[in-house]
Amino acid sequence: MSTTPSETLATFANPAPQRDFHIHMEIPEFTCLCPKTGQPDFATLILDYIPEKSCVELKSLKLYIWSFRNIGCFHEDVTNRILDDLVSATQPRYMQLSARFYVRGGIFTTVVAEHRQLGWTPAPRIPLAAFDSQSPTRD
């Protein structure tokens, strides 16, 4: 597999399609460019999803994320674009992408976008311990 940025997302078969299970990922090194100034924007992406038939393969996700390094895009646009591409590749039952951008001009920005499969409803929540964050920017 290549180690250069790529717009292709690879997937693999869900190992347990008979049940809802939660996949949580934190991507602390996301960068893109401000479309107005050309300056870099940095963010931690938090991806949570419940797969249907396929899961996203991690190396392809890393190379896909790298592909935004030299692209100018607004925070709102890039968050929704990434979510749309991930949904298109994996067709999950549920997916949420939170993009926590670092301070820019004295303002922190967080954009949250989600997808819910038509007709899917989550099982009732069972309160378990939350995932510990790997990122210093997450509450």
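UniProt's unreviewed entry puts the "active site" feature at Cys34 and Asp41. Keep in mind that what you're looking at is a predicted model, and that annotations like this one may be inferred rather than shown by experiment.

So where do these two sit? Cys34 is in the loop between S2 and strand S3 (40-50), while Asp41 belongs to strand S3 itself. Both come out on the buried side of the 20% cut-off: Cys34 has a relative accessible area of 16%, and Asp41 comes in at 5%.

Their contacts tie them together. Setting aside neighbours within four places in sequence, Cys34 is in contact with Gln39, Asp41 and Arg104. Asp41 has its own list, again not counting residues up to four places away: Phe30, Thr31, Cys32, Leu33, Cys34, His75, Phe101 and Arg104. Arg104 turns up beside Cys34 and also beside Asp41.

His75 leads on to another annotation. The "binding site" feature, also from the unreviewed UniProt entry, covers Val56, Glu57, Leu58, His75 and Glu76. Do these residues gather at one spot or spread out? They span 21 residues in sequence and the farthest two C-alpha atoms are 24.5 Å apart, so they don't all gather in one place. Leu58 is found in helix H1, and Glu76 in helix H2 (residues 75-90). Leu58 is exposed, with a relative accessible area of 56%, whereas Glu76 is partly exposed at 45%.

Leu58 is also the link to a pocket: from the binding-site set, the lining of the second largest pocket takes in Leu58. That pocket holds about 260 Å³ of space. Its lining counts 13 residues, and the closest to the pocket centre are Glu26, Ile27, Pro28, Lys62 and Ile65. The elements giving two or more residues to this lining are strand S2 (23-33) and helix H1 (58-66). Which of the elements gives the most? That's S2, with seven residues. By character, the lining divides into eight nonpolar, one polar and four charged residues.

One backbone detail deserves a look. Gln91 has a positive phi of about 50° although it's not a glycine. It is found in the loop between H2 and strand S5 (94-104), and it is partly exposed, with a relative accessible area of 47%.

Here are the accessibility values side by side:

| Residue | Location | Relative accessible area |
|---|---|---|
| Cys34 | loop between S2 and S3 | 16%, buried |
| Asp41 | strand S3 | 5%, buried |
| Leu58 | helix H1 | 56%, exposed |
| Glu76 | helix H2 | 45%, partly exposed |
| Gln91 | loop between H2 and S5 | 47%, partly exposed |

Now for the whole fold. The protein's secondary structure comes to two helices and six strands, and reading along the sequence you get the pattern β-β-β-β-α-α-β-β. The radius of gyration is 16 Å, close to the 14 Å that the globule rule gives for 139 residues, so the protein is as compact as a globular protein of that length. Along its principal axes, the C-alpha trace spans about 45 × 35 × 25 Å.

Buried residues make up 39% of the 139 residues. As for contacts with a separation of 6 or more, 71% of them are between residues 24 or more positions apart.

Definitions and conventions: Residues numbered from 1 in each chain as written. Predicted model: local features only at pLDDT ≥ 70, side-chain atom pairs only at ≥ 80, totals over all residues. Heavy atoms only, no water. 1 Å grid on protein atoms, 1.4 Å probe; cavity = no way out; pocket = protein on both sides within 12 Å on 5 of 7 lines; lining within 4 Å. Points joined across faces, edges and corners; volume = space filled by probe spheres on them. Helix = DSSP H or I, 4+ residues; strand = E, 2+ residues; numbered from the N terminus. Nonpolar A, V, L, I, M, F, W, Y, C, P; charged D, E, K, R; others polar. Buried < 20%, exposed > 50% of the residue type's maximum accessible area, 1.4 Å probe, protein only. Rg over C-alpha atoms; globule rule 2.2 N^0.38 Å. Contact = heavy atoms within 4.5 Å.
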